[in-house]
Amino acid sequence: MLSLNAHVCPTAPCRDPGVPRQGSRIGDDFRHGSKVTFTCRDDYNMEGVREISCSNGAWSNRVPSCKAPCAKLSKPANGYMRGDFRHGSQVRFVCLYGYQRIGAASSTCNDASCRRPEPPRNGGMRGDNFNHNEKVVFYCDDNYQLVGESEITCKDGSWSDSYPTCVATCPNPAKPAHGRRLSNDFQDGRTVAFECDEGFNLFGNKAILCSGGSWNASMPECKADFNFSCLASCDHPGGIAHGQLTSQYFSHGQLVRYKCDLGYSLEGNHELTCNNGDWNSNLPNCKGESVDEISITSKN
């Protein structure tokens, strides 16, 4: 038996559906289970459903549109017309006895305006003119990314593209200790990869994917490579005459660089790498330039 104290899950209300142009809405209750009704001005035809209902945050249908009537046509000389001038209606032209029609036998009224677009959830829309060749622009709230076209145009009663949506971007996943992140793009559908510093191994996913505002996996870790840490460091490589050593780290895999003083040019490798206790190259030399070369360098 169902307990009288059973918890009932709350149901979400709907957003304000708006009002069709050249029309009105009856009802301002947008809670779950409520209904609203739409009407159009005299001589305007409704395109869509007259009544929509709210069900757990979503309306059962789009808001209808009110289509304008066409300007009245003049009857042809020596003839008459049959029909009316509302949207979707047809007027037929008939000639009197003894006269022959030249031209179209009928004309159909077509209001080329578009129905009001639906703004994306977690975003909005700029523009309230939905006539032929008019445009509307969509945008998203902070921390949301627009998926689809940001701008659509009304063409002969239809929008040029489907309505976009707003998808949450992902938070900054940070960088693993002793490693680095290879991308700074945290938008939906994008992948961020990681790699570790030399001497450290990556444990976990090498790349993670942003999906709907969340990463599909946790950030990896960079752990010390035991075999790497057992490799020997190098001794100080030594200084060079008329030059400088620009690094003071001599562990396995580290680089050191040399540069020469002003007026001297470097001969040999300017970079040396420590490889398990040994440097991979001899020290470079700094060779003095000639007096003419020094003079030219100074003038420049």
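This passage walks through the domains, one sheet, the salt bridges, the disulfides and one loop glycine of a predicted model.

To get oriented, it helps to start with the annotated domains. The UniProt record, an unreviewed entry, places the feature "domain: Sushi" at residues 12-68, 112-166, 168-224 and 232-288. Two of these spans can be described a little further. Residues 12-68 are 0% helix and 40% strand, and the C-alpha atoms at the two ends of that span sit 35 Å apart. Residues 112-166 come out at 0% helix and 42% strand, with 28 Å between the end C-alpha atoms.

Next comes a sheet that falls within the annotated span 232-288. Its four strands line up in the order β22-β23-β25-β26, and the sheet is open, with antiparallel pairing. The edges are taken by β22 (243-245) and β26 (278-279); each has a single partner strand, so one side of each is left without a neighbour in the sheet. Further in, β23 (residues 255-260) and β25 (residues 271-275) run antiparallel and are joined by three bridges. One residue of this pairing can be picked out by name: L255 has T273 in β25 as its bridge partner.

The same two strands, β23 and β25, are also linked through their side chains. E271 and R257 meet in a salt bridge, at 2.7 Å from N to O. Since E271 belongs to β25 and R257 to β23, the pair ties together parts that are 14 residues apart in sequence. How open are these two residues to the outside? E271 is partly exposed, with a relative accessible area of 28%, and R257 is partly exposed too, at 38%.

That pair is one of 11 salt bridges in the structure. In general terms, side chains of opposite charge can pair when their charged atoms come close. Another example is R180 with E195, where the closest N and O atoms are 2.9 Å apart. R180 lies in strand β16 (residues 179-181) and E195 in strand β17 (residues 191-196), so this pair ties together parts that are 15 residues apart in sequence. Here, too, the partners are partly exposed: R180 has a relative accessibility of 32%, and E195 has 35%. Towards the start of the chain, R25 forms a salt bridge with D16, again with 2.9 Å between the closest N and O atoms. D16 counts as partly exposed, at 49% relative accessibility. This contact doesn't stand alone, as D16, R25 and D28 are linked in a network of salt bridges.

Now for the covalent links: the structure holds nine disulfides. In one of them, C40 is joined to C66, with an S to S distance of 2.0 Å. This pair links distant parts of the chain, with C40 in strand β2 (residues 35-40) and C66 in strand β6 (residues 65-67), 26 residues apart. The torsion about the S-S bond is about -85°, so the disulfide of C40 and C66 is left-handed. C66 is buried, with a relative accessible area of 8%.

C260 and C286 form a disulfide as well, their sulfur atoms being 2.2 Å apart. With C260 in strand β23 and C286 in strand β27 (residues 285-288), the link connects distant parts of the chain, 26 residues apart. The S-S torsion of C260 and C286 is -90°, which goes with a left-handed link. C286 is buried, at 12% relative accessible area.

Which hand does the link of C170 and C210 have? With 95° about the S-S bond, the link is right-handed. The sulfur atoms of C170 and C210 are 2.1 Å apart. C170 is in the loop between β15 (165-168) and β16, while C210 is in strand β19 (residues 207-211), so the pair ties together parts that are 40 residues apart in sequence. Both of these cysteines, C170 and C210, are buried.

Last up is a loop residue. G88 sits between β7 (79-82) and β8 (90-95). Is G88 buried or exposed? G88 is exposed, because its relative accessible area is 53% and the cut-off is over 50%. Leaving aside neighbours within four places in sequence, G88 is in contact with T108 and C109. The C-alpha atoms of G88 and E47 are separated by 10.0 Å, with the two positions 41 residues apart along the chain.

Note on methods: Residues are numbered from 1 along each chain as its sequence is written. This is a predicted model: local features need pLDDT of at least 70, side-chain atom pairs count only at pLDDT 80 or more; totals for chains, interfaces and linings use all residues. Side-chain values use heavy atoms; hydrogens and water are left out. UniProt positions are given in the numbering used here, feature names are shortened, and annotations may be inferred rather than shown by experiment. Buried means under 20% relative accessible area, exposed over 50%, partly exposed in between (1.4 Å probe, protein chains only). Contact means heavy atoms within 4.5 Å. Two strands pair if DSSP finds at least two bridges between them. A salt bridge is a side-chain nitrogen of Lys or Arg within 4 Å of a carboxyl oxygen of Asp or Glu. A disulfide is a pair of cysteine sulfur atoms within 2.5 Å.
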